Structure formats: structure tokens, C-alpha cells
Amino acid sequence: MSLLATLLGDAPSLADAARGIGPRLLAYVADAASAALLNSAAPSLLPCEVRTGDIRSAVRDLARQRSPDLLLVDLSGVAEPLAAMEALAGVCDPSVRVIAVGDSNDIGLYRDLRRIGVTDYLFKPLSRDLLEGALRAAGAGAAADEAPGRLGKLVAVVGARGGVGTTTVAVHLGCWLADGARGRTALVDLDLQNGTVALALNLRPEPALREAVEAPDRVDDVFMERAMVAASDRLSVLAAEEPVEDVIDIAPTAALSVLNRLQARHNYVVVDAGRAQGGAARAALEAASIAVLVGDASVAGLRDLVRLRAAIARRAGGGRLVTVLNRRGAPGELPAADLMRTLGEPPEHALPYRPVPLAVAAGVGEPAFRHCRRFREAMERLGADIAGQPAAQDGLFRRWVRR
């Protein structure tokens, strides 16, 4: 039964609620009057639960539980409501429709909230008519799919050349976003024949990715759920292991169709784009909101890092570019002065050279940051940057330059 039918009375919604059928509203309000109104008005429209608290309570709870279909949060007394909404987006499924309530009758705040994907903003004291209208509108929009809603963040990880650790960075970034940022994360390997994303996590990929990119018109949400392999409660992997003798050419439009469907159901979609030489990988790179460029400090690595960074900056459609210097401290890397002269500026992040923990972690199918403190600290800075969370900037690369 659709949410629209329940909200508009096309079926006995109270009976459905008693049986646990249909979408669910979860509401967080800080004052007793709003809670009483919600408890009075909402149950006649759809199954609901009203909790005492504000948006910060919602962030705390949704980091540990499944997201509802509709969410109402209280911004009253919150000093930085937009930052609080960004924190909520990091733990809430992108498909959730959010209604905000607050004590500020500010048209600027209303516009800012709408811009970042909030369905409606109501200021207190709430009236029954306005509340019921907002719930009906949010439910009808979700049922009819009238608006695309907020999409998860698409992150493309691309290597300056082969062997610089692109897959290592992509896998660990996906794991950190799921574990550290507590976001629902999809990790995608666009190399259908020789990719090692699933192998790095000791997973056996499902044979559905090839069908998804070769016949995207046959793909729906149920198909995607079957195609993905769960690495944890918040991390799923979409990969393949097709015969090496086959000729597989992924159409860019097909790849983007799959990625967009994943963005509608995940907070973060991390794509291992390799060297971005195929059409699908380049399309993912251009569509990404963040492109993570991975290189190392070897002579060839720095040359290709500079060239690729310039190429991505010219081609990318407005997405942010983050440069990661991998394997800092590895044998054969250039001195810091030469590196700075070549790059022109320090990379945003540097990951230390830790071959033993990485090898051990790969052997057991776990991320290395669970076993190596230095690597974990560097990944925390990178992951927090990608997630838009504050992180201590203790300057690993800058300390190395000084040393």
C-alpha cells in the first residue's frame, strides 16, 4: 500500500498502523505542546512515534537505528541549524523526507533548509491544520516520487597511475564513512574483471553488476539490493568478477543510472574509478561531488599526479578535488623540497607507508586502520574531510616537510 493512499484515506490507515503496515513517521520535538499536538494529529494519518528531544537527539538515535520514511525534527534553540541538518544527513538515509520545526520565523532559514533538501519548515506554535498539511504534502510527494529528494554524496577515487594504492584508499574511505561517520555507504568497483575491492574485504561479489550496467532499464531497487554484498550493517559492496576473456564496455549512461539509484538509498557512494580511462569511470568522475586523486611521491607518481590533477580540474563539473599523497615515507620517494616544488602546494592529505599492517589487514579482509594507529589517524582526517565533519588538522604532511 502506498503512503499516498494511507495519507489521503484511500484505505483504513489506522488498521494498517495497527498491523505495522506502511511508512512511518518519527518525530523529535522539545516542548510538550508540540508533542501533544503530534500525538493527537499524526496517528490518524500514518503510523508514528513521537520522542522528546531536538535534532541533536535525532542524530544520536539514527546513528544506531534504521531511518524512518518521514522524519520531523525540532530546531528550537539550536545555534547552527544548517550544520545540525548536515550532521543529520550523515546518519539518515537520503530517501527520508524531513520536516523541520523551530521557533524562528525566518524566511532566510526557510530558503536555506529547502535548498539542502528539507521538505518543509514550520515555526511554533504549531497549528493542527499546518501540521496535517505538511505531513500530507510530504507523504504524497514520497508516494508519487514527484521530487528526486536529497541524493547521497558521490565520491570518485581515481589514481594518478597504476600501483599508487587507489583501491586501498577507496576501500578504507568507504569503511571509515560507514564506521566513523555512521553513514549508509555503498562501495562500487567499476573494474568488472580485475577489480579487487571485494577481495580486499574478503567478500564474494554477486554476478548482478554486469547485468545492471548492460541492461539498466531492467534494474530496480529490489534488483540492486540483491546485487550488493553486505560488508557490515552500514557498508555494502557492488562489484563483479567477470571472465577475463570477455569484452565488457560499460556505457557511461548505464553507469550513471546505477550510481544515481545508489545515491538515492545511501549517504555516501564511493567509486573505485581506477585510472579513469574508461567511459564509465570518467562519467563517474565528472558526476562526483568530490574527486579523490591518489598519487605517491615517486618521480613518475608526482609527474602523473600533476598532469591528472590539471586534467580533472579542467574537466570536472564543479566537484571538489581532494589530493591524497599515499605511502608517505616509502623508499624511493622524492625529498620534501622537490615534492613541494613539483606540486606547488601540499596535498590535502597524506597516508603513511605501513606495508605490514596493510598486508595483515588484507589477509583477514579488514581495514588496516583497525590495527594501525598512524594509519587510523590519517584516515580519520581524510574521512572527516569527505564527510564534511570537523577534524583536528595536525599536519602530518607539514611535519614531514619540516623534518
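Q: Before we poke around, what counts as a cavity here?
A: On a 1 Å grid over the protein atoms alone, a cavity is a set of points where a 1.4 Å probe fits but cannot get out, and lining residues have an atom within 4 Å of a point. Grid points are joined across faces, edges and corners, and a volume is the space filled by probe spheres set on the points.

Q: Any caveats on the model?
A: It's a predicted model, where local features need pLDDT of at least 70, side-chain atom pairs count only at pLDDT 80 or more, and totals for chains, interfaces and linings use all residues. Residues are numbered from 1 along each chain as its sequence is written, and side-chain values use heavy atoms, with hydrogens and water left out.

Q: OK, how many cavities of 30 Å³ or more turn up?
A: Two, searching the whole structure. The largest holds about 60 Å³ of space, and the second largest has about 30 Å³.

Q: Which residues line the largest one?
A: D221, M224, E225, M228, R261, L262, R265 and H266. By class that's three nonpolar, one polar and four charged (Asp, Glu, Lys and Arg count as charged; Ala, Val, Leu, Ile, Met, Phe, Trp, Tyr, Cys and Pro as nonpolar; the others, Gly among them, as polar).

Q: Which helix gives the most there?
A: α11, with three residues; helices are DSSP runs of H or I, at least four residues, numbered from the N terminus.

Q: And what lines the second largest cavity?
A: V188, L190, L209, V213, A255, V258 and L259, so by the class definitions seven nonpolar, no polar and no charged residues. α12 has the largest share, three residues.

Methods
1 Å grid on protein atoms, 1.4 Å probe; cavity = no way out; pocket = protein on both sides within 12 Å on 5 of 7 lines; lining within 4 Å. Helix = DSSP H or I, 4+ residues; strand = E, 2+ residues; numbered from the N terminus.
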